[in-house]
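Subject: The two-chain model, with some notes

Hi,

Here is the structure I promised to send over. Please have it open beside this email while you read, and turn it around as you go.

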Amino acid sequence: MRAVATPMATQVQPRSRPVSKAVPVEPAGPGVADAVHAVVWRSGLLTVTAIARRELGALFVSPIGWVVAAVFTFLVSGFGFIGTVLAGQQATMEGVSNIITGLLSLILIPVLTMRLIAEERSQGTLELLLTSPVRDWELAVGKWLGAFAFYLLLLATTLVYVVLLAVYVPDKTTIAVAGVSIRVGALDFGLIASTYIGMLLVGAASVAIGVLASALTKNQIIAYVVTLFGLLAIWYTAFLIGFFTTPPLSLFFDYVAGYYRYQPFSLGQVTLRDTVYFASLAVGALFLTTRLLESRRWR
Amino acid sequence: MSHNSGSLIEVQGLTKFYDERPAIQDVTFSVPKGQVLGFLGPNGAGKSTTMRILAGFLGLSAGQASVDGYDVFSHSLDVRKRIGYLPETTPLYNEMRVAGFLDLMCRLRGVSPSLRRARVDHAIEVCGLEERRSEIIGRLSKGLRQRVGLAQAIVHDPKVLILDEPTAGLDPAQTRETRTLIKEIGRQHTVILSSHILSEVAATCERVLIINQGRLVADDTPQRLTEGYGRDRGLEIEMLVRGDAEPSVIEAKLREVAGVDEVVVTAEGEHLWRAVVSGRSAGLREELTRAAVEAGLGVREVQARNLTLEDVFLSLTGDDET
């Protein structure tokens, strides 16, 4: 760990790295890969994935990611799976999906998203990002994608329970997978699939709202609290107001209540109306985030 | 937008308000390709604001600024492709490793995949980070962090480098290293760097802009600034003389010399006097020596006090103490 005395001293070290001398000043020749890269780069997708990759990496090297994963796994297996399946004797994924959409997405997603932009702001790295040729929407979407990917990984761990059910449910049925017939537990796979689609949509919208809250402040705690209350308001408050009001007002609140919008997925129905609801929440939140980031140039 | 092909950076009447308070007002300058330009001013003078506007991070209230012919406001993305920027606080992703971080910066700046590896290696080599390429940035010392900051600024081979206080907070050895590095980099790039340390600007820059309270107050080479200012202001000469005479007599004798404005004599030891003389004549040192010898004094030392950039700076920024 000894500090190097001068920069020049390290340069004469006999380390052969032949490429470093021959760096052309102008961008490379007309390689096909580079041409493709130039086109794709213009679309912004590469910056989005670069930002998302870093975000995902940061979650894995920080304790936050592991704590979230630990709490998630513990609660999902304890209350979602063991409670429902073993104690309640129901061979469904209902317990798992209910605890994820009803509780964990509310309290854990804000933990994943709170640092996304707030930390960049407080550390000053936002200046590094926004003085690179990165468009504001690329930053917003990249941040969203990074945290959403982590949420997807968490969701993926719950597939273990589907496998467990499929193996241990006494009623067996035969299904064909890629031409091979296998005997698995007689589960309602359509219902399970629609539940997962619902959980994906809930996660996508919640993470986007978290990104927006994180762009509002440089304080991560504030970002957490704003996200938590924002999600609570969308999920339950509208539902409660709808409960205590009469039509036509209650119709409106019933529609905007995330709780009602998720219900069809848990019943096996994937409807366009509810998909559009969650997708527009996600897109709307990311759009506002982009606008917030842009506003620095007008102030 | 600029049509002057000779200069890489064009700034016209640049003004920026934070709420009601002007951070910079009517700043105009241009930087030709290849120049190393120093931005000098006290803290809060508007250096960082100007640099942030050029780097596309902040908007502007009035005026125009362009880099390589692209307007920083309407063609922000084109500008940002062409600059490498090191913010004042050297923000870095602490959890990343040096090479990985530089690779990320390449990706964000559109360096094509076939060049990426070579560019990262090049930046690491120029900044003397070979030994540290796989170390975690959060564990590096301040000086090494600064080198990583410089490496990320040059990694995509930008046309213009904007370095905000690149040596702030470094110890003297690190400062010297960083200056050497900037000089090295300055051979291939156009560089704007800011500083409130005068010797730094004098050591690294071909040209100095002095900014105070948001306004440009000087624009010249470090040499010409000190020379020109010295001519207006006159010289200050310090003499050490030996003799039995009273201080008032010595003072009177020296005052007789043509061109002398002011003489202050203080006791330095037994029969040893220090005289500080200010005046405006070209051969003042010789004249003073002759006068002292004729008055029967032994002359031990005659020294012209060098005017430094510091004197110029302090007088231009209205905080004259010398």
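Below are my notes on what was found, chain by chain and then where the chains meet. One thing to keep in mind from the start is that this is a predicted model.

**The two chains**

Chain A is built from 15 helices and two strands. Chain B has 11 helices and 14 strands. Of the 299 residues in chain A, 37% are buried, while buried residues make up 48% of the 322 residues in chain B.

How are the contacts spread along each sequence? In chain A, residues 24 or more positions apart account for 70% of the contacts with a separation of 6 or more. For chain B, 66% of the contacts between residues at least 6 apart join residues at least 24 apart.

The overall form of chain B is worth a look too. Its C-alpha atoms fill a box of roughly 80 × 45 × 35 Å along the principal axes. The radius of gyration of chain B is 25 Å, whereas a compact globule of 322 residues would have one near 20 Å.

**A hairpin in chain A**

Next, please find strand E1 (residues 172-177) of chain A. Is this strand buried or in the open? Of its six residues, the number buried is zero, so E1(A) lies largely in the open.

Its partner is strand E2 (residues 180-185) of chain A, and the two run antiparallel, joined by six bridges. One of the bridge pairs is Ala176(A) with Ser181(A) in E2(A). Two residues separate E1(A) and E2(A) in this hairpin, and in the turn Ala178(A) has a positive phi of about 50°.

**A four-stranded sheet in chain B**

Now move to chain B, where four strands form an open sheet in the order E12-E13-E11-E14, with antiparallel pairing. Why do strand E12 (260-269) and strand E14 (298-304) of chain B each have one side without a neighbour in the sheet? Both stand at the edges with a single partner strand each, so one side is left free of sheet neighbours. From one strand to the next, the twist averages 20°.

Inside the sheet, strand E11 (residues 235-242) of chain B and strand E13 (residues 272-279) of chain B pair in the antiparallel sense over eight bridges. Here Met239(B) stands opposite Ala275(B) in E13(B). Helix H9 (residues 247-255) of chain B packs on the sheet and touches E11, E12 and E13 of chain B. The direction of H9(B) makes about 150° with that of E12(B).

E12(B) and E13(B) are also joined by eight bridges and run antiparallel. In this pairing, Val265(B) has Ala275(B) as its bridge partner in E13(B). E12(B) and E13(B) form a hairpin with two residues between them, and His271(B) in the turn has a positive phi of about 60°.

**One residue to follow: Ile9(B)**

Ile9(B) is part of strand E1 (residues 7-18) of chain B. Why does Ile9(B) count as buried? It has 25 C-beta neighbours inside 10 Å, and the cut-off for being buried is 20 or more.

Leaving aside neighbours within four places in sequence, Ile9(B) is in contact with Ser30(B), Val31(B), Leu54(B), Val67(B) and Val160(B). Ile9(B) and Lys33(B) are 24 residues apart in sequence, yet 8.2 Å apart in space from C-alpha to C-alpha.

**The nonpolar cores**

The largest nonpolar core has 147 residues, and Trp144(A), Ala208(A), Val211(A), Leu102(B), Ala151(B) and Ile162(B) touch the most other members. Helix H11 (residues 189-216) of chain A gives the most to this core, with 13 residues. Not counting residues up to four places away in sequence, Ala208(A) touches Trp144(A), Leu281(A), Ala282(A), Ala285(A) and Leu286(A). There is also a second, separate core of 17 residues, which includes Leu235(B), Ile237(B), Val257(B) and Val260(B).

**Where the chains meet**

How many residues does each chain bring to the contact? Chain A brings 43 residues and chain B brings 38. On the side of chain B that touches chain A, helix H2 (76-82), helix H3 (98-108), helix H4 (113-126) and helix H6 (172-186) of chain B each supply at least two residues. H4(B) gives the largest share, nine residues. By class, this side of chain B has 15 nonpolar, 10 polar and 13 charged residues.

Happy exploring!

Methods:
Residues are numbered from 1 along each chain as its sequence is written. Chains are lettered from A and ligands numbered from 1 in the order in which they are written. This is a predicted model: local features need pLDDT of at least 70, side-chain atom pairs count only at pLDDT 80 or more; totals for chains, interfaces and linings use all residues. A nonpolar core is a set of buried Ala, Val, Leu, Ile, Met, Phe, Trp, Tyr and Cys residues joined through C-beta atoms within 7 Å. A residue is buried if 20 or more other C-beta atoms lie within 10 Å of its own, exposed if 12 or fewer, and partly exposed in between; C-beta atoms are placed from the backbone. Two residues are in contact if their C-beta atoms, placed from the backbone, lie within 7 Å. Ala, Val, Leu, Ile, Met, Phe, Trp, Tyr, Cys and Pro count as nonpolar, Asp, Glu, Lys and Arg as charged, and the others, Gly among them, as polar. Two strands pair if DSSP finds at least two bridges between them. Axes are lines fitted to C-alpha atoms, for helices over the stretch in contact, and angles run from 0 to 180 degrees between N-to-C directions. The radius of gyration is taken over C-alpha atoms; the globule rule is 2.2 Å times the number of residues to the power 0.38.
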